[in-house]
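Q: I'm new to this structure and would like a close look at a single part of it. Pick one strand, please, and walk me through what lies around it.

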Amino acid sequence: MLPPGPPPDGPRRGVSGVELARVRLRAPGRLGVDGADDWMGGARLIVVDPETGALRVADYAGEPEPGSLRPAEFAVEAVESLKGVNLGSWLIPEHDYAVVTNESLCEYTERVGAAKSSRVMEEHLSTFVTEADFDWMASHGVNTVRVPLGWWNVLHASELPDPGTSKAWTSFAPSPEVSMAAIGQALDWAADRRMSVLLDLHGGPGGQNGKDHSGCHGVAEWHEHSVNNSLLVISALMERFGDHDALWGVELLNEPGDLSTAPLEDEMRPMLLQYYEAAYAIIRSRRPDVAVVFCVLYWFDFWAWAGQLREPRYYNVVTDYHMYTAFDGFDGDSPDSMVEDAARAFGCRLMQHAYHHPAVVGEWALAVDRWGQKVKQGYVDAQLTSYNSSLGSYFWTYVMDGDAGESSREQPSESTRDHPRSPEIAGQVVRPE
């Protein structure tokens, strides 16, 4: 056992012969300055027991364990990096990709009627993502998928405790029964290939941002109604899929407060926190190990969450950051400088914020503004390297084809042609034709 106290400078070997290294560790249950979780103050000299996997800290500076001057001891295990893709526009068609329709789903359903929308969406669910796609993903190094879903895929409006009356509550398809069966099938396909699944509440009840990707363009009423609507959705998801082997995590709400018709996030934050805390309790009542993920969209909101949902009360809580170069103001003098600027900025942000919550890059894409056609592979390599401080990433999106029609996929859209379909992206690829 290594003695407590600061180690001498230079490399050392512990009694087990394993080389020591400096790492940053959290000590759940031990309180540090001002009663906050003690993150061990930065780097500490440690040794890993090769037989037991125990991680021993040589110079723990906090209070010793009761009745002992021994260093703190931690159990550790290897964590596989998430190499994932989003199944975007599967359950929630987005107009940018001309899948099913070039309208948001509520607008389409309102225009053509519930019966036709249901028929079209049922066909779409059965053909847009198939078991062959999971075979392709697994064979190309993809080990996880993020499944964006809407509240209407889980519950009927009549089941919500506090529904509204606008089209954001009434005009959706297909039925929860059809949708939940499709989600369950995707979980089964993932499990068969030892892949994991992140279920993402992309469209909250009433719409949390007024964007088409929350189901209803121009309508954002999530904040005007009780959080119990969303809590019932989370409860239903956990009741149906909580014990599934492939379930890696549940994302509580995608991109709240996206500057459309919804308030800014800071105006919604008290309500969001109330919802997140209650949803965490629902998930933990069913599964102690599933990741609970919350999304922070804008970089200027990142720090507001640094002190929320923290250990030891809340554990395995992950923050989802979306890293879109095209939307973040990067415009270098050359393709190389743009790539460097974006990768440096994203990497620094993740390093800054991974200390308070584990991070995941829930969305990123190849769109890089005016240099987009010149930096594809270099951009991909730089971005994946910049995500090293996170648990991994999910590329947006797996497939983006359609022709602005209602069911045909024969002609790829321009957004499809703009994206390479190559296994060289190392597990972060879109599907080939």
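A: Let's start with a pairing: strand E11 runs parallel to strand E12, and 4 bridges join them. Keep in mind as we go that this is a predicted model. Within that pairing, Val292 stands opposite Val317 in E12. E11 also pairs with E10, again in the parallel sense, over 3 bridges. Here Gly249 has Ala291 of E11 as its bridge partner. In general, the strands of a sheet pair through backbone hydrogen bonds, in either a parallel or an antiparallel way.

So is E11 buried or exposed? Buried: 5 of its 5 residues are, so the strand is largely enclosed by the rest of the structure. Look at its two faces and you'll find both covered. Ala291, Val293 and Cys295 are buried on one side, while Val292 and Phe294 are buried on the other.

Now zoom out a little. E11 belongs to a closed barrel of 8 strands with parallel pairing, which runs E7-E8-E9-E10-E11-E12-E13-E14. Neighbouring strands of this sheet are turned against each other by 25° on average, if you ignore direction. A bit further along the barrel, E9 (residues 196-203) and E10 (residues 247-251) run parallel, joined by 4 bridges. One partnership to look up there is Val197 with Leu247 in E10.

What packs on this sheet and touches E11? That's helix H7, residues 265-286, which touches E9, E10 and E12 as well as E11. The direction of H7 makes about 170° with that of E11.

Follow H7 to another helix, H6 (residues 228-241). The buried residues of H6 pack against H7, and also against strands E8, E9 and E10 and helices H4 and H5. Among those buried residues are Leu231, Val233, Ile234, Leu237 and Phe241. An α-helix has 3.6 residues a turn, so residues three or four places apart point the same way. H6 has 14 residues and reaches 20 Å from its first C-alpha to its last, close to the 20 Å expected at 1.5 Å a residue.

H5 is the next stop. Its 17 residues should span 24 Å at 1.5 Å a residue, and its end C-alpha atoms are 24 Å apart, which agrees. Buried residues of H5 include Met180, Ile183, Leu187 and Trp189. The buried part of H5 packs against E8, E9 and E10, along with H6, H2 and H3. Right where H5 leaves off, you'll find Arg194 following it, with a positive phi near 55°.

Since H5 has brought us to H2, here is one more pairing of helices. H1 (residues 105-112) packs with H2 (residues 114-128) at an angle of about 125°, their axes 6 Å apart. The two helices are therefore oblique to each other. From H1, Leu105, Tyr108, Thr109 and Val112 meet Ala114, Lys116, Ser117, Val120 and Met121 of H2. The residues of this contact divide into 6 nonpolar, 2 polar and 1 charged.

Back to where we began: E11 sits in the closed barrel, paired with E10 and with E12. H7 packs on the sheet and touches E11, and both faces of the strand are covered.

Methods: Residues are numbered from 1 along each chain as its sequence is written. This is a predicted model: local features need pLDDT of at least 70, side-chain atom pairs count only at pLDDT 80 or more; totals for chains, interfaces and linings use all residues. Side-chain values use heavy atoms; hydrogens and water are left out. Two strands pair if DSSP finds at least two bridges between them. Axes are lines fitted to C-alpha atoms, for helices over the stretch in contact, and angles run from 0 to 180 degrees between N-to-C directions. Contact means heavy atoms within 4.5 Å. The expected span of a helix is 1.5 Å times one less than its number of residues. Buried means under 20% relative accessible area, exposed over 50%, partly exposed in between (1.4 Å probe, protein chains only). Angles under 35 degrees count as roughly parallel, over 145 as roughly antiparallel, 65 to 115 as roughly perpendicular and the rest as oblique. Ala, Val, Leu, Ile, Met, Phe, Trp, Tyr, Cys and Pro count as nonpolar, Asp, Glu, Lys and Arg as charged, and the others, Gly among them, as polar.
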